[in-house]
Amino acid sequence: MNAPLAPDAPREPASAIHFTGNWKEFLPIAATNFLLTIVTLGIYRFWAKARERRYLWSRTQVIGDPLEWAGTGKEMFIGFLIVVVILAPLYLAFQFLIPALASRGEGLASALVLIGIYLSGIYLGAVGLFRALRYRLSRTYWRGIRGGSNEPGWTYGFKALGYTLVTIITGGLAYPWAKTRLWNLRWNEMSFGGLQFDADLDASGLFGRWIALYFAPIGVVIAASVVGGLTAMTATAAGVADGGIFVLLGLAAILAYLVIPLIFMAFWAKFYRNAAEVTDLGELRFGFDASTMQWIALWVGNIALAVFTLGFGIMFWTYRNWSFITRHLQIYGTVHVNELMQSQTRAPGDSEGLADAFDIGAI
C-alpha cells in the first residue's frame, strides 16, 4: 500500500508528523529521573535517557503510526564504559606525560603530545557523532522497520579531521563549507528500511551569516574603542573619573553573551532549514521551517526554565527540544510501504558514548 503525505498540500506538516505528548505526562518521568540520577551519583542518567526517548518516540506519530525507541539504558551505560577505556590514555597523557616532558626540558616533545591529544579528540568526537546517529537510527522503529548504517564511522572521523584542519588553516572561514560536507558524508551513509538517505547540502546562503559572526568581534572592538575614547574625553572635560574601562567591559560582555550567540543561532537556523530541504529518503522530502527568533525563544525558554526551577527544569530540555523539532519538521511525498522492507544494516551493539563524552548531538 502507498501512504501519501498531504497530496493536496505537500508541505503541510500535520498530515505527516505530529507530536501528541504533553508536559503533564512527562513530569513524572522527569521527576523520577531527576531524583534517581542524584541518588545514583549520575549513573542512572543512561536509563533516564532511555525512558525519555521511549516516551517521546511513542508520542510521535509519523503518517498515523507512532515511532518506537528500542534502545536501553544498559546499552548506553556499556557504551560509556567503553569510552572511559578509550579516553583514559589521552587523559593520563595530558595530566602526567606532558608535565613530565615539560619539567625535563622536552618542550618540543610535550608540544607534539599535546597536538596529538588535540587531533585525537577531534577524530574521536567526529567518530562519536557518526556512531551516535547510526545508533539512534538503528534503535528507531516505525511499523517494525528500523534504520541504520553498515559504516562504522572510522573513515568519517579521518575526513572530519581533514575538514577541521582546513577550517583551522583558513582561520575559520571554511567552517560553513566544512559543516555542509560533513552533513552530506554522515547522512549519505544512513538508511531507513531499504531506502538510502540522499543529502546534497552546499554552503550557499550560509557564508553571509558566518561572515557576520566572524567579524562581529572586530566590530565590537572598534565600537568599544570609539565609545571608550569618547567616554574618556567627556570625563576629562568634565573633570570626573574616566569610566571608559567599564564601557569596554560592558561591551565585551554584550559580545560574549548576546551578540555572538544570537548570530551563531541565526547561522544554525539557516543551516538546518537548508539541510532539511536537500536531504531525501526515497520519494520522501523534508522541510524545517524554524526561524532564528523561534530558535532564540527555545534557547531563552530553556535557560529560564533551568534558572527558575533551580536546575530541575533541565530535565525538561529534552522534551522541549523534541517538541520543537517535531513541530517544525515537515515530511511530504509518498511512502511505498510494501517496498519499505526491513533494514539489512547491522544493528550496532554499542551506543552513543563517544558523542556523549564530547557533549555533541547526533544530528
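Author: A residue is called buried when its relative accessible area is under 20%, exposed when it is over 50%, and partly exposed in between, with a 1.4 Å probe and protein chains only. By that rule, buried residues make up 41% of the 363 residues in the protein chain. The structure is a predicted model, in which local features need pLDDT of at least 70 and side-chain atom pairs count only at pLDDT 80 or more, while totals for chains, interfaces and linings use all residues. Residues are numbered from 1 along each chain as its sequence is written, and side-chain values use heavy atoms, with hydrogens and water left out.

Reader: How many helices and strands does the protein chain have, and what makes a run count as one?

Author: Helices are DSSP runs of H or I with at least four residues, and strands are runs of E with at least two, both numbered from the N terminus. On that basis the chain has eleven helices and eleven strands.

Reader: Why is Tyr156 called buried or exposed, and what does Tyr156 touch?

Author: Tyr156, which is found in helix α5 (residues 154-169), has a relative accessibility of 6%, and because the limit for buried is under 20%, Tyr156 counts as buried. Contact means heavy atoms within 4.5 Å; leaving aside neighbours within four places in sequence, Tyr156 is in contact with Ala126, Leu129, Phe130, Leu182, Leu185 and Arg186. One of these, Leu185, is 29 residues from Tyr156 in sequence, yet their C-alpha atoms are 7.2 Å apart in space.

Reader: Why is Leu114 placed in its accessibility class?

Author: The relative accessible area of Leu114 is 42%, and because this value falls between the two limits, Leu114 is partly exposed. Leu114 lies in helix α4 (residues 107-138) and touches Phe94 and Ile98, not counting residues up to four places away in sequence.

Reader: What makes a set of residues a nonpolar core, and which members of the largest one touch the most others?

Author: A nonpolar core is a set of buried Ala, Val, Leu, Ile, Met, Phe, Trp, Tyr and Cys residues joined through side-chain atoms within 4.5 Å. The largest such core has 62 residues, of which Trp187, Phe197 and Trp295 touch the most other members. Helix α8 (residues 244-277) gives the most to this core, with seven residues. In soluble globular proteins, nonpolar side chains tend to be buried together.

Reader: What makes Phe207 and its partners a nonpolar patch on the surface?

Author: Patches are made of residues with over 30% relative accessible area and no salt bridge, like charges being joined within 9 Å and nonpolar side chains (Val, Leu, Ile, Met, Phe, Trp, Tyr) within 5 Å. Phe207, in helix α7, counts as partly exposed at 35% relative accessibility, so Phe207 passes the patch limit of over 30%. The patch is formed by Val166, Leu173, Trp177, Phe207, Ile211, Phe215 and Ile218, with about 560 Å² of accessible area together, the areas coming from the Shrake-Rupley method. Helix α7 (residues 207-238) gives the most to this patch, with four residues.

Reader: How do you know that Asp65 and Arg143 form a salt bridge, and what does the pair tie together?

Author: A salt bridge is a side-chain nitrogen of Lys or Arg within 4 Å of a carboxyl oxygen of Asp or Glu. The closest N and O atoms of Asp65 and Arg143 are 2.7 Å apart, so the pair qualifies. Asp65 lies in strand β4 (residues 65-69) and Arg143 in the loop between β5 (140-142) and β6 (145-148), so the pair ties together parts that are 78 residues apart in sequence.

Reader: Why does the pair Arg285 and Asp280 count as a salt bridge, and are its two residues buried or partly exposed?

Author: Their closest N and O atoms are 3.9 Å apart, which is within 4 Å, and therefore the pair counts. Arg285 is partly exposed at 32% relative accessibility, whereas Asp280, at 17%, is buried. A search of the whole structure finds four salt bridges, including one between the side chains of Arg59 and Glu25 (3.2 Å, N to O).

Reader: How do you know that the span of helix α10 agrees with what is expected?

Author: The expected span of a helix is 1.5 Å times one less than its number of residues. For the twelve residues of α10 (residues 317-328) this gives 16 Å, and the end C-alpha atoms are 17 Å apart, which agrees. The buried residues of α10 include Tyr319, Trp322 and Phe324.

Notes: Accessible areas come from the Shrake-Rupley method with a 1.4 Å probe; for residues, only the protein chains shown count as cover.
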